[in-house]
Every structure is written in C-alpha cells, then in structure tokens.
Amino acid sequence: MAEGDGKAQGKAEVKLTINPVCSINGSIRPPSDKSLTHRAYMFAAFASSESVVRNPLRGEDCENTLRAMIHLGLRHEMLGPEELRLIPTKEWMQPYGPIDCGNSGTTMRLLAGLVASRPLNITFIGDASLSKRPMGRIRTPLELMGAEIEGERPPLTIRGGSLKGIDYISPVASAQVKSCTLLAGLRAEGITSVSEPSLSRDHTERMLRAMGCQLTTEGLKVSIEGGQEGHGFEFNVPGDISSAAFFVVATALLPNSRLEVIELSVNPTRTGLLDVLTQCQTPFALFDIQEQLGEPVGSLVVETANHLQPFSIEGDLVPRLIDEIPVLAVLATQCEGTSIIRNAKELRVKESDRIELVANGLRGMGAKVETFEDGMAITGPTKLRATKIDAHGDHRIAMAFAIAGLIAEGTTEIDGADSIATSFPGFEVELARLCQPVNSNL
C-alpha cells in the first residue's frame, strides 16, 4: 500500500507511493507531541533541578532542539531507549559556532527568548525552508525588552543581556511569539505581559505552572514576573494530535473503519480537530482523561462518518488546528457541499505556502478548490484520482496527500517524503499496519 524509495546521495530523498485501501482499523499511539518535546528539553535547561523526560519525539526537529540545548550546557544521560535524565547548568555556555535549528521554527523562536535574557552572543541558522520564514514577529518584542538582534529571517544573531518587562500586544495569535516573549520575561526585570487576538496553544503556560512558576491570566493576556526558574520535573510526553489527525481523517473517510488513539494530548487549545469532526458528523468519543505536567492526556475513538457534512474553519478555531488544515482540506473534498477555511494566512509562512500547495495538489487530483489570501473553499464530494505530488520539503503536505492517496483511483506518488521524518518517523509503517488493501480479500 505504501512504499518508500530512498536515494543515497547526501540527505535521502524519498518517494512515497500510495494505493487505495478498503478500510483502517486498530489502535495507534501517535508519535509524541512535538511542541511538548521541544519545551521539555528547553525548560529542563533552566530548571533548578534535574528532570526526566520519557517518550520524547525523536524526530529531526526535536533532535535539533536537544543538540542546541547541549551546546548551551544542558547535560543528558540516557536511562533507556526512550528515557532521558536532563541536568541543567547554572550558567549557560557560549557555543563555539552558530546553532543549527534545521527545519524547526519552534526551536529558533522559543530559544531566542531564552537566549535574549542571557549574556550570550549567538547566531541561529536553519535549512533552506527555515531560512525563508519571518523572524520579525519575535524580534519586535525582544528588542522592546532590550535585546540586540540582527536578521529579519535566518540567520538570526542575538546579543542577549539584561531585559526589562513589557506589556506586548501581539498582532497574531501565535504560541511561538507568546512563548518567546514569556520565556524572555522569566529573567527580565519586572512583569512581562503578552496579549493576543485569540487564544493560541498554551503549552508554555501550563508547563511553567506545573514547574512552580507563577503566571496570571486575564482573558487573552498572560503575565509573568521575572526572577523565576521553576523546578525539575518528570514528564511522559503524550501523543501529538496533529500527527494523529492524518489517521483520524482516514478513519472518517474510509468505510467500515474504527480507530483508537491512545495516550493523546487533548489540550483544549489543540483540539480544534474534534470541533471539525463534530461539524462534519464523524462519530468520536474521548475518555480516560488524566494530566501530565499540566497537560490533559486521554484516549480517542473515531469511526467512519455515514454522511460527511461540510465544515467551516475561521476565527478562534484556526489557531487550535492550524497544523491539521492540510489534511482537513482532504477531508473537505468528500463532504457534501462547500467547506470554508478563512483567517488562516499563517499557512502561507509555514514550512511551505500550504494554501497554494494543498490547493494545487487537490486540483491535480480533481477536487474543486478556490483559494483566498487567507484560506480556501473546497466543494465536494469529488472522486479523487491519483497524481504526482511534490511535498516541497513539507512533512504535513506529504502526509496529507498520502491520506488523499488512500481514497484516490490509481497510484499516488509523493516526492520529498523524507520530510515526514521531522515529525512522524514510521508514518508509512503505521499506514501499512492499520490499512486493509483493496485486494486483500481477493
């Protein structure tokens, strides 16, 4: 059903081929949450005591964060294949060269906030994709706090030092901007506040509170007083709902399907996917909700939708599912009517211009798609036909079109599938394990 074709010259380029399947059934523990793994590594580096992190995501983005923290003085000890003891250093070290963030915008933007408040002079670099992404949105609050910064896009050089708290009104609902500013505020003089137009994911606030830091929240404004560091922690990183979304959407689309997703992060600022399932009348249930380092964790069961109704994504819902929109666009092609996605201009400055890549790819498969500067309208249902997709180095584009290939007529080819490893190592293996091929009953 799925097959990878690796190329050995330099960094491997992988072509993924996808054939249609009958159904998807079983249980999956998705890869651990990328956002939480990034934060666990960074927060352990400034904690007052040792931390233990279990089941971190070992994708390339998070490995870049771990290497960056080691360059800055964090020591680590492997307690097992999926368990690390992290030992902070009182004073962070000046690295010998630039810090390579690879493809990870989260690494660069959050770490910028931590570096800005320390007497360090550090240049951050990234791959070709990251080097095109804007950094002005974090440069503005950090400069207002007193940091010296060069670069609107990577490479980004930060000369950190003493900072002063600010009351910052962010023009965008971005967890990276909010987290960067709050993390800089941890060591700033006075109180640092961030207001945003709608609530973005709040992992930073939840994890800092669980570490003993004091934060106050008033509506969409969150504040932190400088001079706090928080204590060490033990954290079993839960599964990532944005990774689970590919299999959840496949379950909604394929007949006679049922999927259980276990150990899933169900932070309300990340569960916009479930709102869309409700809109399009896909049956699901959440159960066994517990808490890990301030983060709610539970299990999810999803079944095939009898009649997929169109859905609308806009306003406050957008930041709660921004990463899931490519695969939700695939879902929209099978809904009975026009689904609308608006207020999602942020998609144009992700790892790729996801609005254009998703629209062009779906049109190539026969779907009816209209694009806007901040989104798209997709009218269905449409019987998709296989085509050749270039993922342009974007892991979510590659995986979204793999799901589209499951319901398309013919064999879908996806170039650049090596990017999938940044967030979902083993994606193709899980597809093959859970999906029943069309010819399995012949």
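## Exercises on aromatic pairs, backbone and pocket

F246, F247, F424 and F427 form one aromatic cluster. The model is a predicted one, in which local features need pLDDT of at least 70 and side-chain atom pairs count only at pLDDT 80 or more, while totals for chains, interfaces and linings use all residues. Residues are numbered from 1 along each chain as its sequence is written, and side-chain values use heavy atoms, with hydrogens and water left out.

**Exercise 1.** Classify the aromatic pair of F247 and F427 and place both residues in the chain.

*Solution.*
- Step 1: Rings of Phe, Tyr and Trp (its six-membered ring) pair if their centres lie within 6.5 Å; planes under 30 degrees apart count as stacked, over 60 as edge-to-face and the rest as tilted. By this rule the count comes to five aromatic pairs.
- Step 2: For F247 and F427 the centres are 5.6 Å apart and the planes make 65 degrees, which gives an edge-to-face pair.
- Step 3: This pair links distant parts of the chain, since F247 belongs to helix α7 (residues 241–253) and F427 to helix α12 (residues 427–434), 180 residues apart. Helices (H or I, at least four residues) and strands (E, at least two) are DSSP runs, numbered from the N terminus.
- Step 4: Both F247 and F427 are buried, where buried means under 20% relative accessible area, exposed over 50% and partly exposed in between (1.4 Å probe, protein chains only).
- Step 5: F424 and F427 are also edge-to-face, because their ring centres are 5.3 Å apart and their planes stand at 70 degrees. The relative accessible area is 3% for F424 and 0% for F427.

**Exercise 2.** State which peptide bonds to P155 and P381 are cis or trans, and locate these prolines.

*Solution.*
- Step 1: P154 and P155 are joined by a cis peptide bond with omega of about 5 degrees. P155 lies in the loop between β9 (148–150) and β10 (156–159).
- Step 2: From G380 to P381 the peptide bond is cis, with omega near 0 degrees. The loop between β22 (375–380) and β23 (388–390) holds P381.

**Exercise 3.** Decide whether E263 and Q281 are buried, partly exposed or exposed, and give the phi of each.

*Solution.*
- Step 1: E263, in strand β16 (residues 258–265), has a positive phi near 50 degrees although it is not glycine. Its relative accessibility is 35%, so E263 counts as partly exposed.
- Step 2: Q281, another residue other than glycine with positive phi, has a value near 65 degrees and sits in the loop between α8 (272–279) and β17 (284–292). Q281 is exposed because its relative accessible area is 51%.

**Exercise 4.** Find which residues of helix α10 are buried and the phi of G366 just after α10.

*Solution.*
- Step 1: In α10 (residues 354–364) the buried residues are R354, I355, L357, V358, A359, G361 and L362.
- Step 2: The elements that cover them include α9 (325–332), β21 (368–372), β22, β23 and α11 (395–406), with contact meaning heavy atoms within 4.5 Å.
- Step 3: Just after α10, G366 has a positive phi of about 100 degrees.

**Exercise 5.** Determine which helix gives the most to the lining of the largest pocket.

*Solution.*
- Step 1: α1 (34–46), α3 (105–116), α5 (175–185) and α11 each supply at least two lining residues of the largest pocket.
- Step 2: With four residues, α1 gives the most to this lining.
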